[in-house]
Amino acid sequence: MSLGLIEQAAPAREVPPPGWRGRLTRGNIWGGLLLLWLLSGLYLVATDQQVVVTRFGKFQRIETPGIHYHLPWPVEQIVKLKADQLQAATLGGEAADGALGRTDPLRAQFLTGDQNIINVRAVVQYNVKGPAEYLFRSLDVSQTVGAVVESELGREIAHRSVDDVLTTEKIKIQEAVKERAQRVLDAYDVGVSIYTVNIDRTAPPDETKEAFADVAGARADAAKIVSQAEGYANDLVPRARGEAQQLLEAAEGYKQRKINESTGDASRFAQLSAEHSKAAAVTSHRLYIEAMEQILPRIKKTIVDRQGNNLDMTIIRRERPAAPQR
């Protein structure tokens, strides 16, 4: 068979009709990739977020909630932050570590003003105040906040006695530490705002717990005795004041009664004096008789004769009349 016959016998190839595969050229591919790259700069900022935009790693701007656009990577990058979300830093070990017995005593020990050692655990809550400063001023913001608060906490505890730290000065220490630590963080320009400083636990070291328990028991007994004494005083003083008032009122009544009696006696004497001046002999005789009527019944009487002999007067006593028989 000749070569011409072979070529004539081979079927002819069909040319594919033009379509998307025919239009998918290298230029179209690169154009699509460029479009996708440009569209990757679109992003959405939620209502509780703030976005920091950096250009080649340098701070550029802060975007508020809404739809925004930035130059695609690697020209610009975005970092989303929840500025209002509270973050926490713990001083003196985590509560879970204490429950598991994995606490480090040195992390929780502070020296008081009266040279006593006390274990303190505190929790600091803070939020983002300046997103740019928060991202670029400190490598580890939580560690920075914890170190500043720990320093100020040690300063405040060092100016107070151990009894004050364990009992009455806790609130004052928290407020003072919050204020001073915020001033230091503002000076460092860290970009955070301290929300609360809460002293979660204060306790003496394990080696001195029994001694502190004895002191606390004695203090409780003293407070109980003082309370009982105050209760007794509160009961006794009003009663004594009431009795004193009664005595004063009785004395005032006695005084007024005596004044009235004296006034009446003086008035009666004045009347008698006036009558006496009119008939002195008769009035004197009458007054003598009235006085004898009051005096003689009260005294023991003995009648003697002129010779000085005592007389038995029983024979002239009046006999009582016999009771009538029924």
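This report describes the fold, the nonpolar core and a few selected residues of one protein chain.

The structure is a predicted model, in which local features need pLDDT of at least 70 and side-chain atom pairs count only at pLDDT 80 or more, whereas totals for chains, interfaces and linings use all residues. Residues are numbered from 1 along each chain as its sequence is written, and side-chain values use heavy atoms, with hydrogens and water left out.

**Overall fold.** The protein chain contains eleven helices and nine strands, taken as DSSP runs (H or I of at least four residues for helices, E of at least two for strands) and numbered from the N terminus. Of its 326 residues, 21% are buried, where buried means under 20% relative accessible area, exposed over 50% and partly exposed in between, with a 1.4 Å probe and protein chains only. About 24,600 Å² of the chain is exposed, and carbon and sulfur atoms supply 56% of that area, as computed by the Shrake-Rupley method with a 1.4 Å probe. Among contacts (heavy atoms within 4.5 Å) with a separation of 6 or more, 66% join residues 24 or more positions apart.

**Core and helix α7.** The largest nonpolar core, a set of buried Ala, Val, Leu, Ile, Met, Phe, Trp, Tyr and Cys residues joined through side-chain atoms within 4.5 Å, has 31 residues, of which V145, V149, L153 and V192 touch the most other members. At least two residues of this core come from each of β6 (87-91), β8 (117-128), α7 (141-157), α8 (162-166), α9 (170-188) and β9 (192-203). Beyond its neighbours within four places in sequence, L153 is in contact with residues that include L91, F110, V120 and I199.

The 17 residues of α7 should span 24 Å at 1.5 Å a residue, and its end C-alpha atoms are 24 Å apart, which agrees; the expected span is 1.5 Å times one less than the number of residues. The buried residues of α7 include V141, V145, V149, E152 and L153. Seen down the helix axis, the buried residues of α7 fall within an arc of 165°, so they line one face of the helix; the arc is that of the directions from the axis to the C-beta atoms.

**Two further residues.** The table sets out their accessibility.

| Residue | Place | Relative accessibility |
|---|---|---|
| T112 | loop between β7 (109-111) and β8 | 2%, buried |
| V215 | helix α10 (residues 209-278) | 41%, partly exposed |

Leaving aside neighbours within four places in sequence, T112 is in contact with I118, I157, A158, R160, S161 and V162. The C-alpha atoms of V215 and D163 are separated by 9.7 Å, although these residues lie 52 residues apart along the chain.
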